[in-house]
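Take a moment to look over the chain from end to end. Then follow the tour below, one region at a time.

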Amino acid sequence: KTAKMNEQEVAVQINQMVQFIRKEAEEKANEIKAAAQEEYTIQKQTLVEAEKAKIRKEYERKRSQIDTKKAIESSTQLNTARLKVLQAQQDAIDQAIENARSFLPQVCQNAAEYKKLILELLVQAIKRFGSKSTLKVRCLQRDSGVVTECIEPARAQYQSATSTPAPAVTVDMAAPLAGSMGGVIVATSDGKIICDNTLDARLAIVAKQALPELRKVLFPETQNLIKV
């Protein structure tokens with residue numbers, strides 16, 4: 001009977017040990033499973049975040065490309081519009097200058113006024129040279145008479161203004177101007193120094209100097225709209 005009791009006790013103890021080992025094993029397995037699940041969740045979250053970041057980066061890249069493309073297109077359209085406006089303005093200015101050029105022949109029709117103008121142009125040109133210069137004046141063949149008449153008065157004005165002897169001045173009959181509206185070209189006898197005081201040259205100078213003011217007059221509404 002005692003032996004049977006011992007066997008039963010041993011069996012109970014063995015069973016308890018088995019249960020304990022099984023419980024320990026289950027707990028350990030659960031710990032490993034939980035750790036594995038946690039590691040899986042972390043890795044999954046890391047991969048998900050990495051993929052999200054990749055998608056966001058790609059989205060930003062494409063959006064940046066679209067924004068850049070839109071900005072380029074907008075800038076191109078704006079520049080095209082500006083160029084069209086500026087070209088239209090330039091055409092209008094060229095037309096205004098051409099209208100002024102067409103008025104020049106009328107200046108020559110008034111003999112008294114034209115002679116006064118020739119005198120002023122001669123004085124202005126002669127003042128650009130030294131008193132010891134020898135000058136030749138080119139003009140239209142039709143103007144040779146009035147230019148000749150103005151030479152001595154021009155020299156007198158030069159001498160009065162500078163208090164020095166006036167340079168020698170003659171009309172160059174051998175080389176009359178062609179294709180000019182009027183006025184004079186004064187040059188040294190060797191032709192190295194030239195002063196172009198033709199009406200065409202004076203108009204070009206005036207047009208260049210008056211260009212900013214001319215733009216304001218012709219296009220006041222675009223002064224702040226178009227800037228280049």
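A residue is called buried when its relative accessible area is under 20%, exposed when that value is over 50%, and partly exposed in between. Keep this scale in mind. Glu-31 has 48% relative accessibility, so Glu-31 counts as partly exposed. Remember too that this is a predicted model.

Start with helix H1, which covers residues 2–109. Glu-31 has a partner there. Its side chain meets that of Lys-28 in a salt bridge, at 3.9 Å from N to O. Side chains of opposite charge can pair when their charged atoms come close. Both Lys-28 and Glu-31 lie in H1, 3 residues apart, which is about one turn of the helix.

Move along H1 to another pair. Glu-58 and Lys-62 form a salt bridge with an N to O distance of 4.0 Å. They are 4 residues apart in H1, again about one turn of the helix. Glu-58 has a relative accessible area of 32%, so it is partly exposed. Lys-62 is at 45% and therefore partly exposed as well.

Now compare a pair of residues beyond H1. The side chains of Arg-142 and Asp-143 meet in a salt bridge, 3.4 Å from N to O. Are these two residues buried or exposed? Arg-142 is exposed, because its relative accessible area is 55%. Asp-143 is buried, because its value is 4%. Salt bridges can also share partners: Glu-58, Arg-61 and Lys-62 are joined into one network in this way. In the whole structure, a search finds 8 salt bridges.

H1 also carries nonpolar side chains on the surface. Val-10, Ile-14 and Val-18 make a nonpolar surface patch of about 220 Å². Ile-14 belongs to H1. Its relative accessible area is 45%, so Ile-14 is partly exposed.

How far apart are the C-alpha atoms of Pro-212 and Gln-13? They are separated by 113 Å, and their positions lie 199 residues apart along the chain when counted as a step from one to the other. Pro-212 sits in helix H5, residues 211–218. Pro-212 is partly exposed, because its relative accessible area is 49%.

Next, go inside. The largest nonpolar core has 28 residues. Which of them touch the most other members? They are Ile-118, Leu-122, Val-137, Val-147, Val-184 and Val-186. Several elements give two or more residues to this core. Among them are the helices H1, H2 (111–126), H3 (144–162) and H4 (199–209). The strands E1 (134–138), E2 (168–171) and E3 (183–188) do so too. H2 gives the most, with 8 residues.

Pick out Val-184 in this core. Setting aside neighbours within four places in sequence, Val-184 is in contact with residues including Ile-118, Leu-121, Leu-122, Val-137 and Val-147. Its contacts also include Arg-138, Cys-139, Cys-195, Asp-196, Asn-197 and Thr-198.

Follow one of those contacts to Asn-197. Asn-197 is found in strand E4, residues 194–198. Its relative accessible area is 1%, so Asn-197 is buried. What does its side chain meet there? A polar atom of that side chain lies 3.0 Å from the backbone oxygen of Leu-121. Beyond residues up to four places away in sequence, Asn-197 touches Leu-121, Gln-124, Ala-125, Gly-183, Val-184, Ile-185 and Arg-202.

Finish with two serines in loops. Ser-133 is in the loop between H2 and E1. Ser-133 is buried, because its relative accessible area is 17%. A polar atom of the Ser-133 side chain lies 3.0 Å from the backbone oxygen of Gly-130. Leaving out neighbours within four places in sequence, Ser-133 is in contact with Pro-167 and Ala-168.

Ser-163 is in the loop between H3 and E2. At 65% relative accessibility, Ser-163 is exposed, since that value is over 50%. Its phi angle is near 60°, a positive value in a residue other than glycine.

Conventions:
Residues are numbered from 1 along each chain as its sequence is written. This is a predicted model: local features need pLDDT of at least 70, side-chain atom pairs count only at pLDDT 80 or more; totals for chains, interfaces and linings use all residues. Side-chain values use heavy atoms; hydrogens and water are left out. A nonpolar core is a set of buried Ala, Val, Leu, Ile, Met, Phe, Trp, Tyr and Cys residues joined through side-chain atoms within 4.5 Å. Buried means under 20% relative accessible area, exposed over 50%, partly exposed in between (1.4 Å probe, protein chains only). Contact means heavy atoms within 4.5 Å. A polar contact is a pair of N or O atoms within 3.5 Å; within protein, one must be able to donate a hydrogen and the other to accept it, and residues adjacent in sequence count only if both atoms are side-chain atoms. Patches are made of residues with over 30% relative accessible area and no salt bridge: like charges are joined within 9 Å, nonpolar side chains (Val, Leu, Ile, Met, Phe, Trp, Tyr) within 5 Å. Accessible areas come from the Shrake-Rupley method with a 1.4 Å probe; for residues, only the protein chains shown count as cover.
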